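Student: Please take me through the nonpolar interior of this protein. I would like one close look at that part, with the cut-offs spelled out.

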Amino acid sequence: DLLVWLPPGYDDAKNATVRYPVLYLHDGQNLFEKLPNVSGEWNVDETAQDLITKGSVRPVIIVGVPHSGKGRISEYMPVDAIEGVNAEGDQHVQWLLSEVMPRVERSFRVKTGPENTGIGGSSLGAAISLYAATKHPEVFGELLAESLPLKTGKPEAWEGYLSGVKKWPGRVYLGMGGNEIGEGNEARSQAYVDAVKALDARLKAAGLGPDRRLLVIDPAAMHNEQAWSKRFPQALTFLFPPPVDSTK
């Protein structure tokens with residue numbers, strides 16, 4: 001089941017022919033409400049409602065794509081980085097392209113094209129989003145990647161993939177906490193920060209200027225929904241800014 005949030009004004013008669021950009025977010029269970037056995041939520045609906053109402057963000061449709069439960073790690077794993085885990089990321093991305101997106105586009109007034117289509121998530125949800133956006137930049141032009149696990153398992157597997165990327169999406173938001181692993185694990189947390197900084201440098205070297213990439217590091221933030229919720233306004237504002245008023 002997909003969880004679809006529609007922007008304010010979507011059902012107004014005056015907007016009956018208006019089409020909207022769309023953001024697909026992984027781990028859909030964690031986005032809109034606090035569910036049992038989940039440590040928190042992203043507050044995606046409240047944040048998007050507020051920013052759109054203020055005119056800080058273009059009205060956007062947000063689609064939560066829930067994970068498959070016990071199979072989440074395999075489902076979201078794009079490379080063979082964890083011993084004993086089958087990387088089924090390719091199948092997941094093909095499912096997004098062949099079933100999820102067509103279903104959404106049949107049901108809602110979605111603008112198509114990479115400039116109107118974002119994908120994102122946190123942790124392994126960010127990893128599979130990064131994979132989808134670099135495998136299919138002609139589809140996903142906006143990327144939101146929180147707390148990328150580029151040091152989880154075999155770092156060389158992640159690096160091998162990143163070094164082979166030929167084309168990056170049009171706009172990339174990267175978020176990371178300085179305390180991802182928690183107290184007593186400062187060195188490991190720093191390794192994750194260093195890895196996302198290296199990715200940002202790779203994007204810069206590939207020609208993505210400050211208008212196309214944003215790196216946000218919160219020194220005290222941990223690896224949880226509270227941190228991702230706190231940074232979500234920056235991500236959404238960067239990826240879906242309001243249109244420029246040509247009359248000014």
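Tutor: What follows covers the core, then two backbone positions. The model is predicted: local features need pLDDT of at least 70, side-chain atom pairs count only at pLDDT 80 or more, and totals for chains, interfaces and linings use all residues. Residues are numbered from 1 along each chain as its sequence is written, and side-chain values use heavy atoms, with hydrogens and water left out.

Start with the largest nonpolar core, which has 48 residues. A nonpolar core is a set of buried Ala, Val, Leu, Ile, Met, Phe, Trp, Tyr and Cys residues joined through side-chain atoms within 4.5 Å. Buried means under 20% relative accessible area (1.4 Å probe, protein chains only). Tyr-24 and Leu-148 touch the most other members. Elements giving two or more residues include strand 2, strand 3 (61-65), strand 5 and helix 3 (89-107). Helix 4 gives the most, with eight residues. Helices (H or I, at least four residues) and strands (E, at least two) are DSSP runs, numbered from the N terminus.

Now Tyr-24. Its contacts (heavy atoms within 4.5 Å) include Val-63, Val-65, Val-100, Met-101, Val-104 and Phe-140, leaving aside residues up to four places away in sequence. Apart from this core lies another, of 23 residues, among them Trp-5, Ile-62, Phe-232 and Phe-238.

Two loop residues deserve a look. Asp-27 sits between strand 2 (22-26) and helix 1 (44-54). Its phi is positive, near 55°, and it is not a glycine. Asp-27 is buried, at 4% relative accessible area. Ser-147 lies in the loop between strand 5 (142-146) and helix 5 (155-163). Ser-147 has a positive phi of about 50°, again without being a glycine. Ser-147 is buried, at 1%.

Technical notes: Buried < 20%, exposed > 50% of the residue type's maximum accessible area, 1.4 Å probe, protein only.
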